[in-house]
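Me: I've got a model open and a pile of labels I'd like to have justified. Can we go through them one at a time?

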Amino acid sequence: MADKTIDQTRKFTEMVAKKQGWELTADEAFYDDLVTGLTTNWNRHGYFLCPCRDSEGSREADADVICPCVYAKADIEEFGHCFCALYCSKGFAASGKKPTGIPERRGGS
Ligand code: SF4
């Protein structure tokens, strides 16, 4: 699996946001941290493991938390942003609110 550059990961997040109708966090330093985390995870695991979660040890076990995770849609609908707050709804972005800690939907870990 070829390594990803930060720039490739940025483009990936932009593509996901566009496809899903989400916005990326407006906090640039925070965004850079998350993109760095995603890039590190790709280069370590071979997939975009969520930068806010730990690996369960395999791609199969982590399938629910490969970005964009299966919980993102529900979290964005309910709280305005995903667990990491990388992605948010257009409404949340327009509100200027700061993301807050939200409950982890991932069960059993
Ligand atoms: S919480 Fe956000 S950053 Fe983490 S995998 Fe889900 S969508 Fe990606």
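Reply: Sure. Keep in mind that this is a predicted model. A good place to start is Cys52 and Cys84, which form a disulfide with their sulfur atoms 2.0 Å apart.

Me: What makes the pair Cys52 and Cys84 a disulfide?

Reply: The cut-off for two cysteine sulfur atoms is 2.5 Å. In this pair the sulfur atoms are 2.0 Å apart, so the pair falls within 2.5 Å and counts as a disulfide.

Me: Which parts does that pair tie together?

Reply: Cys52 is in the loop between α2 (28-45) and α3 (72-79), while Cys84 is in the loop between α3 and β2 (87-88). The pair therefore ties together parts that are 32 residues apart in sequence.

Me: And how many disulfides does the structure hold?

Reply: Just one.

Me: Why is Cys52 called partly exposed, and what is Cys84: buried or exposed?

Reply: Partly exposed covers the range between 20% and 50% relative accessible area. Cys52 comes out at 34%, so the partly exposed label fits. Cys84 has 7% relative accessibility; buried means under 20%, so Cys84 counts as buried.

Me: What about Cys67 and Cys82, buried or exposed?

Reply: Put both against the under 20% limit. Cys67 has 11% relative accessibility, so Cys67 is buried. Cys82 has a relative accessible area of 6%, so Cys82 is buried as well.

Me: Where is Cys67, and what kind of peptide bond joins Cys67 and Pro68?

Reply: Cys67 sits in the loop between α2 and α3, and Pro68 is found in that loop too. The bond joining them is a cis peptide bond, with omega at about 0 degrees. Cys67 also has a partner across space: Phe48 is 19 residues away in sequence, with 5.6 Å from C-alpha to C-alpha.

Me: Why does Val70 count as exposed?

Reply: Exposed means over 50%. Val70 has 56% relative accessibility, so Val70 passes that mark and counts as exposed. You'll find Val70 in the loop between α2 and α3. Its C-alpha atom is separated by 9.2 Å from that of Arg106, 36 residues apart along the chain.

Me: What is notable about phi of Ala85?

Reply: Phi is near 70 degrees there, a positive value in a residue other than glycine. Ala85 has its place in the loop between α3 and β2. Its relative accessible area is 6%, under the 20% limit, so Ala85 is buried. Gly101, 16 residues apart from Ala85 in sequence, is 8.8 Å away in space, C-alpha to C-alpha.

Me: On to the empty space. How many cavities of 30 Å³ or more does a search of the whole structure find?

Reply: One. The largest cavity holds about 70 Å³ of space, and the ligand takes that space.

Me: Which residues surround the ligand?

Reply: Cys50, Pro51, Arg53, Cys67, Pro68, Cys69, Ala72, Cys82, Phe83, Cys84, Leu86 and Tyr87. The lining of the largest cavity is made of Cys50, Pro51, Arg53, Cys67, Pro68, Cys69, Ala72, Cys82, Phe83, Cys84, Leu86 and Tyr87.

Me: How does the shell around the ligand divide by class?

Reply: Eleven residues are nonpolar, none is polar and one is charged. Cys and Pro count as nonpolar, as do Ala, Phe, Leu and Tyr, whereas Arg counts as charged. Arg53 is in the shell, so Arg53 is the charged residue there.

Me: What about the largest pocket: how much space lies there, and which residues are nearest its centre?

Reply: About 270 Å³ of space lies in the largest pocket. The pocket has 15 lining residues, with Thr25, Ala26, Asp27, Lys97 and Pro99 nearest its centre. β1 (23-24) and α4 (90-95) each supply at least two residues of the lining.

Me: And by class, what is in that lining?

Reply: The largest pocket's lining has eight nonpolar, three polar and four charged residues. The lining of the largest cavity, for its part, has eleven nonpolar, no polar and one charged.

Key: Residues are numbered from 1 along each chain as its sequence is written. This is a predicted model: local features need pLDDT of at least 70, side-chain atom pairs count only at pLDDT 80 or more; totals for chains, interfaces and linings use all residues. Side-chain values use heavy atoms; hydrogens and water are left out. A residue is near a molecule or strand if one of its heavy atoms lies within 4 Å of it. On a 1 Å grid over the protein atoms alone, a cavity is a set of points where a 1.4 Å probe fits but cannot get out, and a pocket is an open set with protein on both sides within 12 Å along at least five of seven lines; lining residues have an atom within 4 Å of a point. A molecule sits in a cavity or pocket if more than half of its atoms lie within 2 Å of its grid points. Helices (H or I, at least four residues) and strands (E, at least two) are DSSP runs, numbered from the N terminus. Buried means under 20% relative accessible area, exposed over 50%, partly exposed in between (1.4 Å probe, protein chains only). Grid points are joined across faces, edges and corners, and a volume is the space filled by probe spheres set on the points.
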